[in-house]
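Hi,

Here is the structure I said I would pass on. Have a look at it first, then read my notes below.

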Amino acid sequence: MYTVVDIETTGLSKHMHQITEIAAARVRNGEIVEQYETLVNPEVRIPSFITKLTGISDAMVKNAPTISKVLPEFVNFVGRDVFVAHNATFDYGFLEHNARVQGHRLENERLCTRKLANRLFPELPRKRLGDLCSHLNIRNVQAHRAMGDVQATALVFNEMLAILQSRGISEMSSVLKFERTSGKRGV
């Protein structure tokens, strides 16, 4: 049981920047069964280069809930599921940091599809989500928006799981172990 997550932020530092959007999709048997999505008022101005990248503007988040209102809902939505994200260190880091600051706990196992791509597709020079989508013929209908990236990541992860299953790795605990195994690239 896993939930695919993506966030958009005002920058790259969980200590200096804020979350502007959170999306998550609970996946069961390869199908999205429930989704969570919200803009977040970062209570700071969104840099123009971020607005150009994501399309998220100050006007869009002006009346959105703040992270203190959103986090309890998000933590409840994810529950005990494995937290799956493309570059999970970034997404989980921001969310866990904000949860801790507000007295909540986010202690999920996490799986990074970028790290998994390093093992499964060593021939690809870059492992960005867009690169994986191109490689696997997946269309990301709204790149750099949280739900668009969640849906694309879920499809990418399904393809990765199919590859792993064809090689005898099917239990989530085995997938997590494979993702974390360093050393040899590829399967």
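Below is what I found, starting with the whole chain and then moving to two spots in it.

One thing up front: this is a predicted model.

**The chain as a whole**

The protein chain has 8 helices and 5 strands. If you walk along the sequence, the order is β-β-β-α-α-α-β-α-β-α-α-α-α.

For 187 residues, a compact globule would be expected to have a radius of gyration near 16 Å, and the protein chain comes out at 16 Å, so the two agree. The C-alpha trace spans about 50 × 30 × 30 Å along its principal axes. Of the 187 residues, 51% are buried. As for contacts between residues at least 6 apart in sequence, 64% of them link residues at least 24 apart.

On the outside, the protein chain exposes about 9,800 Å², with carbon and sulfur atoms supplying 49% of that area. There are 24 positive and 20 negative charges, and their mean positions sit 6 Å apart.

**Strand 1**

This is the element I would look at first. Strand 1 covers residues 2-9, and 8 of its 8 residues are buried, so the strand is largely enclosed by the rest of the structure. Side chains in a regular strand alternate between the two faces of the sheet. Here both faces are covered: Tyr2, Val4, Asp6 and Glu8 are buried on one side, and Thr3, Val5, Ile7 and Thr9 are buried on the other. Note that Asp6 and Glu8 are in that buried set.

Which strands does strand 1 pair with, and in what sense? Strand 2 (residues 19-28) pairs with it in the antiparallel sense over 8 bridges, and there valine 5 has alanine 24 as its bridge partner. Strand 4 (residues 82-85) pairs with strand 1 in the parallel sense, over 3 bridges. In that pairing, threonine 3 stands opposite phenylalanine 83.

**Threonine 51**

The other spot is in helix 1 (residues 48-54), where threonine 51 lies. Is threonine 51 exposed, partly exposed or buried? Its relative accessibility is 24%, and because buried means under 20% and exposed means over 50%, threonine 51 counts as partly exposed.

Leaving aside residues up to four places away in sequence, threonine 51 touches Ile46, Ile56 and Ser57. Threonine 51 is also 8.8 Å from threonine 10, C-alpha to C-alpha, although 41 residues separate the two in sequence.

Over to you!

Notes
Residues numbered from 1 in each chain as written. Predicted model: local features only at pLDDT ≥ 70, side-chain atom pairs only at ≥ 80, totals over all residues. Heavy atoms only, no water. Buried < 20%, exposed > 50% of the residue type's maximum accessible area, 1.4 Å probe, protein only. Helix = DSSP H or I, 4+ residues; strand = E, 2+ residues; numbered from the N terminus. Pairing = 2+ DSSP bridges. Rg over C-alpha atoms; globule rule 2.2 N^0.38 Å. Contact = heavy atoms within 4.5 Å. Areas by Shrake-Rupley, 256 points an atom, 1.4 Å probe, with all protein chains shown as cover. Lys, Arg positive; Asp, Glu negative; His and termini not counted. Charge placed at Lys NZ, Arg CZ, Asp CG, Glu CD.
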